[in-house]
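Hi everyone, thanks for coming. Today I'd like to walk you through one structure, slowly, and you can follow along on the screen.

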Amino acid sequence: MSANVKANETPASESGEAPELTDGFHLLIDALQANGLNTIYGVPGIPITDFGRLAQASGMRVISFRHEQHAGNAAAIAGYLTRKPGLCLTVSAPGFLNGLTALANATTNCFPMILISGSSEREIVDLQQGDYEEMDQLAIAKPLCKAAFRILHAEDIGIGVARAIRAAVSGRPGGVYLDLPAKLFGQVMNAAEGARSIVKVIDPAPAQIPAADSVARALDVISKAKRPLIILGKGAAYAQADAELRAFVEKSGIPYLPMSMAKGLLPDDHPQSAGAARSLALKESDVVIMIGARLNWLLSHGKGKSWGEPGSKRFVQIDIEPREMDSNVEIAAPLVGDIASCVSALLGDMGESWAAPPAEWISALNDKRDANLSKMAARLEASVQPMDFHTALGALKTIIKQRPDIMLVNEGANTLDFARSIIDMYQPRKRLDVGTWGIMGIGMGAAVAAAIETGKPVLAVEGDSAFGFSGMEVETICRYDLPVCIVVFNNNGIYRGTDVNPTGGSDVAPTVFVKNARYDMMMEAFGGVGVQASNRDELTRAVNEALDSGKPTLINAVIDENSGTESGRIGNLNPQSVVKK
Ligand code: ADP
Ligand code: TZD
Ligand code: MG
């Protein structure tokens, strides 16, 4: 009898027929598949190589990356797009650590994912006897994610996976770590008992209905507003309550501002969008209704100059996480629940004759929006060469307008900030970017997940520095033949390419890269299409060809190296030395 066969099983020799067996590998596959989790993003190696093979053999999609961080970012984006936890699979210690950045980033962004990592033998790890890739992974993961679990016995795989799924998607979504020591995979148990141990999670993210008095309080605050404003965040996009949100915005007549990844929840050219009058809207509003958005640094914590006179605002906030209320400023009307339920409750109680906001407020915002848009229009239509950000992004803006259902991935500093404000989005959950941390390196992982999860073409608009963090995944994109078109905004460096080393030494300045690099040739190395685009027409043609053909393409867009400012729009966050040396 194998050491792994449990004592209460009838040995084959006594019953006359061999009991059907299963093992940790198959139980894990069964548990994931039973819950509709059919795609794994990861990097193979000890002890999970065979698991990947068997998962593929069982019909799961197993997407191998070149680095775990990008596999993890793909899993996080899969979670964001599908509301099911994205799966990332890593090897022990170093692979686990590479995936951990993505797990922490997913948790920060409220994206559901599960990092499943193989780990070394508990007995050796705990005695610190120097096992292969030894590390106490569970302890390290715990403070960086929403929940962390370890499964030691094959019969617990079903419940362990169920626990991980529920932890990832219920309440505020986030990252979950699942630690699977190598020995678990080979553990054998009776197949029928194994099948009974699998748990299909019932209603993994139950509706959370807001209390009636909190709905009444919110409507009372909103109805007294003279200059109301709605702010939509990526929690609202995640919630997939698109119809309810649109009905609420339109019935209320209240202008709205989308946060970056909420763009397109309602089309950016919607008459109530205050996107192009953002500063005025934040400053002058008197009641702000936050829907799935946090008052963190991205909104100046809800206070300070950009929010106008101190004490001039009252906040209504809809969030599934009660502790989000009063995180930075007082919330006059907290509405705790899921967005679909909260918005439906508001809509239900608004009655037939809801009064639109005062006309002066609407026209002040509209005038500002129209003035800002017409100021910008000439620069977006210009065709300067070498291209600046406006010329290149003006071209991409037109393309997205013509193809509103493609997925857009965006990272960089200037490349991010300009693209966010210039490129209009028309459909929900089409824009994927650096999120809450402003993290570089999400690009290729997000692009792969966007292509795999949606089947749509992907346009990845990447700063040359940003692209470098995940650039090796162009091989992954070619290997799976994904319809991804990457445009590298090549301004020779971080923020711009013009810094010089003040000592006159031979090292270039820390923000400067090799001049005139040909990123397009990286794509050609793996059989994809590489194009160098030096002007607006070349860029437009190359992107359209890529999106039509669906072939993996990298366009090296030559951007003036003088173009761009320090840290894009957040240069104010840089500390400055006051000591002159
Ligand atoms: P943004 O960066 O776009 O402003 P944040 O990531 O800061 O958005 O905020 C998202 C918020 O949405 C989080 O506070 C999260 O708890 C909340 N959230 C996520 N999903 C839901 C949901 N289904 N219902 C209600 N709130 C949600
Ligand atoms: N490392 C990580 C993981 N995240 C970061 N945000 C940074 C470093 C710092 N950083 C930024 O905030 S933007 C950026 C870095 C390195 C790159 C900006 O250069 P780019 O974009 O070429 O991508 P532009 O268009 O030249 O501004
Ligand atoms: Mg750059």
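Let me begin with a term. A polar contact here is a pair of N or O atoms within 3.5 Å of each other. Please also keep in mind that what you see is a predicted model.

With that term ready, let's go to ligand 2. Which backbone has an N or O atom 3.0 Å from an oxygen atom of ligand 2? That is Gly493, and the distance falls inside the cut-off I just gave. Tyr495 does something of this kind too: a backbone N or O atom of Tyr495 sits 3.1 Å from an oxygen atom of the ligand. With Thr415 we turn to a side chain, where an N or O atom is 2.6 Å from an oxygen atom of ligand 2. How much of ligand 2 does the protein cover? On its own, ligand 2 has 590 Å² of accessible area, and the protein covers 76% of that.

Now look at who stands around ligand 2. There are 17 residues, and those that come nearest are Asn414, Thr415, Gly438, Asp464 and Ala466. So we meet Thr415 again, as one of the nearest residues and as the owner of that 2.6 Å side-chain contact. Sorted by character, the shell has eight nonpolar residues, eight polar ones and one charged one. Two helices to find on your screen are α18, residues 414-422, and α20, residues 464-470; each supplies at least two residues of this shell. Which helix gives the most? It is α20, with four residues.

Let's move on to ligand 1. Here 20 residues form the surroundings, and Arg172, Lys234, Arg294, Asp319 and Ile339 come nearest. Take Asp319: one of its polar side-chain atoms lies 2.5 Å from an oxygen atom of ligand 1. Ile339 takes part through its backbone, with a polar atom 3.0 Å from a nitrogen atom of the ligand. Gly292 also uses its backbone, and a polar atom there is 3.4 Å from an oxygen atom of ligand 1. As for cover, the protein hides 97% of the 580 Å² of accessible area that ligand 1 has on its own.

What is the make-up of the shell around ligand 1? Count eight nonpolar, six polar and six charged residues. The helix that gives the most to this shell is α12, residues 234-239, with four residues.

Next, let's leave the ligands and see how some helices pack. Start with α2, residues 24-34, because we will meet it in two pairs. In one pair, α2 packs with α8, residues 157-169, at an angle of about 40°, with the axes 9 Å apart. That angle makes α2 oblique to α8, and the crossing is right-handed. In the other pair, α2 meets α3, residues 49-57, at an angle of about 50°, and here the axes are 10 Å apart. So α2 is oblique to α3 as well, again with a right-handed crossing.

How do α4 and α5 lie relative to each other, roughly parallel or roughly antiparallel? Find α4 at residues 68-82 and α5 at residues 93-109: their axes come within 7 Å and cross at roughly 30°. Angles under 35 degrees count as roughly parallel, and therefore α4 and α5 are roughly parallel to each other. The crossing of this pair is right-handed.

Finally, a few backbone details in the loops. The peptide bond from Ile46 to Pro47 is cis, with omega near 5°. You will find Pro47 in the loop between β2, residues 39-42, and α3. Another cis peptide bond joins Gln385 and Pro386, with omega about -5°. Pro386 belongs to the loop between α16, residues 359-381, and α17, residues 389-402.

And which residue has a positive phi although it is not a glycine? Glu133 does, with a phi of about 45°. Look for Glu133 in the loop between α6, residues 122-126, and α7, residues 137-141.

That's my tour, so thank you for listening!

Conventions. Residues numbered from 1 in each chain as written. Chains lettered and ligands numbered in written order. Predicted model: local features only at pLDDT ≥ 70, side-chain atom pairs only at ≥ 80, totals over all residues. Heavy atoms only, no water. Near = heavy atom within 4 Å. Polar contact = N/O pair within 3.5 Å; in protein donor to acceptor, adjacent residues only side chain to side chain. Areas by Shrake-Rupley, 256 points an atom, 1.4 Å probe, with all protein chains shown as cover. Nonpolar A, V, L, I, M, F, W, Y, C, P; charged D, E, K, R; others polar. Axes fitted to C-alpha atoms, helices over the stretch in contact; angles between N-to-C directions. Parallel < 35°, antiparallel > 145°, perpendicular 65-115°, else oblique. Left-handed = near helix turned anticlockwise from the far one by under 90°.
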